[in-house]
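Please work through the exercises below with the sequence and the structure in view, trying each task before reading its solution.

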Amino acid sequence: MTAQIEYVRLAQTLPPRLLKFFARYPPSLKSVTSQQEVATSVQTSVNTSSASHDGAESTMNIAVSPSDSPNPFKPHKHPETGRWHDPVFSLRRQADLVKLAKANGVEELLPYTLKGSDEGRRRREDHGLRVKGTGIGQRVKGKAWERTMKSRLGERKQAMLGMPAMVQQWKQLGHGRGWKKFPR
């Protein structure tokens, strides 16, 4: 009974966008408690003032199974027509819902999505940063002037070291007469 009271208090603190999402796609009990593959029943209290004469609350049982409510974050195949239907929520809206649920501490109640924190961590571990040249033994391609800069600086350094000898040879030949080493 105390667990239900805690859930009600938690639901009262959630933003309306998350409340609307959880009303339309209630979290399965396997994501909350344990790994069950059977259909679960979720009780929803509905206040009906005109339905009962004594003013008491009536309770409806709604059976929720994995086939009844497909994951709204994934595309699914229509059982009768066999055509694929797009996800109900786009990737951008999925990311917004995940951020909102994470801020309110209920991210684990959301269905599986590529935008979830666990999936992001798993992908980062599997693939790393995926920036070419950041792995072990890899080099960044770079622009042509960046790739040849090291060799050009080496050639320039060697030319500067040999400059005094070249100046001496220039002066001996008579300031350019018979000079064969003009720069290109």
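**Exercise 1.** In which loop does Phe89 lie? Decide also whether Phe89 is buried or exposed, and find its contacts beyond its neighbours within four places in sequence.

*Solution.* The model is a predicted one, and the search begins with the secondary structure: Phe89 lies in the loop between strand S4 (84–85) and helix H4 (91–104). The next step is to look at accessibility, where Phe89 has a value of 10%; since buried means under 20% relative accessible area, Phe89 counts as buried. Leaving aside the neighbours within four places in sequence, Phe89 is in contact with Phe21, Tyr25, Pro72, Phe73, Gln94 and Leu97. For one of these partners, Phe73, the C-alpha atom is separated from that of Phe89 by 5.7 Å, although the two residues are 16 residues apart along the chain.

**Exercise 2.** Where is the place of Thr113, and which residues does Thr113 touch, not counting residues up to four places away in sequence?

*Solution.* Thr113 is found in the loop between H4 and H5, and with 7% relative accessibility it counts as buried. Not counting residues up to four places away in sequence, Thr113 touches Phe73, Gln94, Val98 and Glu119. Among these, Phe73 and Gln94 also appear in the list of contacts of Phe89, while Glu119 returns in the next exercise, where it forms a salt bridge with Arg122.

**Exercise 3.** Which residues are linked with Glu119 in a network of salt bridges, and how are the pairs placed in helix H5?

*Solution.* Side chains of opposite charge can pair when their charged atoms come close. The first step is to take the pair Arg122 and Glu119, whose side chains meet in a salt bridge at 2.6 Å, N to O; both residues lie in helix H5, 3 residues apart, which is about one turn of the helix. The second step is to take Arg123, which forms a salt bridge with Glu119 with the closest N and O atoms 3.6 Å apart. Arg123 and Glu119 are separated by about one helical turn because they are 4 residues apart in helix H5. Joining the steps, Glu119, Arg122, Arg123 and Asp126 are linked in a network of salt bridges. As for accessibility, Glu119 counts as buried at 8%, whereas Arg122 counts as partly exposed at 39% and Arg123 is partly exposed at 35%.

**Exercise 4.** With which residue does Asp118 form a salt bridge, and how many salt bridges are counted?

*Solution.* Asp118 forms a salt bridge with Arg121, the closest N and O atoms being 3.0 Å apart. Both residues lie in helix H5 (residues 117–127), 3 residues apart, or about one turn of the helix, and Asp118 is exposed, with a relative accessible area of 58%. The count comes to 5 salt bridges.

**Exercise 5.** Which residues form the positive surface patch, and which helix gives the most to the nonpolar patch?

*Solution.* The positive patch is formed by Lys132, Arg139, Lys141, Lys143, Arg147 and Lys150. One of its members, Arg139, has its place in the loop between H5 and helix H6 (144–147) and counts as exposed at 70% relative accessibility. The nonpolar patch on the surface is formed by Met160, Met163, Met166 and Val167, with about 330 Å² of accessible area together. Helix H8 (residues 163–173) gives the most to this patch, with 3 residues; Met163 lies in that helix and, at 32% relative accessibility, counts as partly exposed.

Technical notes. Residues numbered from 1 in each chain as written. Predicted model: local features only at pLDDT ≥ 70, side-chain atom pairs only at ≥ 80, totals over all residues. Heavy atoms only, no water. Salt bridge = Lys/Arg side-chain N within 4 Å of Asp/Glu carboxyl O. Helix = DSSP H or I, 4+ residues; strand = E, 2+ residues; numbered from the N terminus. Buried < 20%, exposed > 50% of the residue type's maximum accessible area, 1.4 Å probe, protein only. Patch = residues over 30% accessible without salt bridge, like charges linked within 9 Å, V, L, I, M, F, W, Y side chains within 5 Å. Areas by Shrake-Rupley, 256 points an atom, 1.4 Å probe, with all protein chains shown as cover. Lys, Arg positive; Asp, Glu negative; His and termini not counted. Charge placed at Lys NZ, Arg CZ, Asp CG, Glu CD. Contact = heavy atoms within 4.5 Å.
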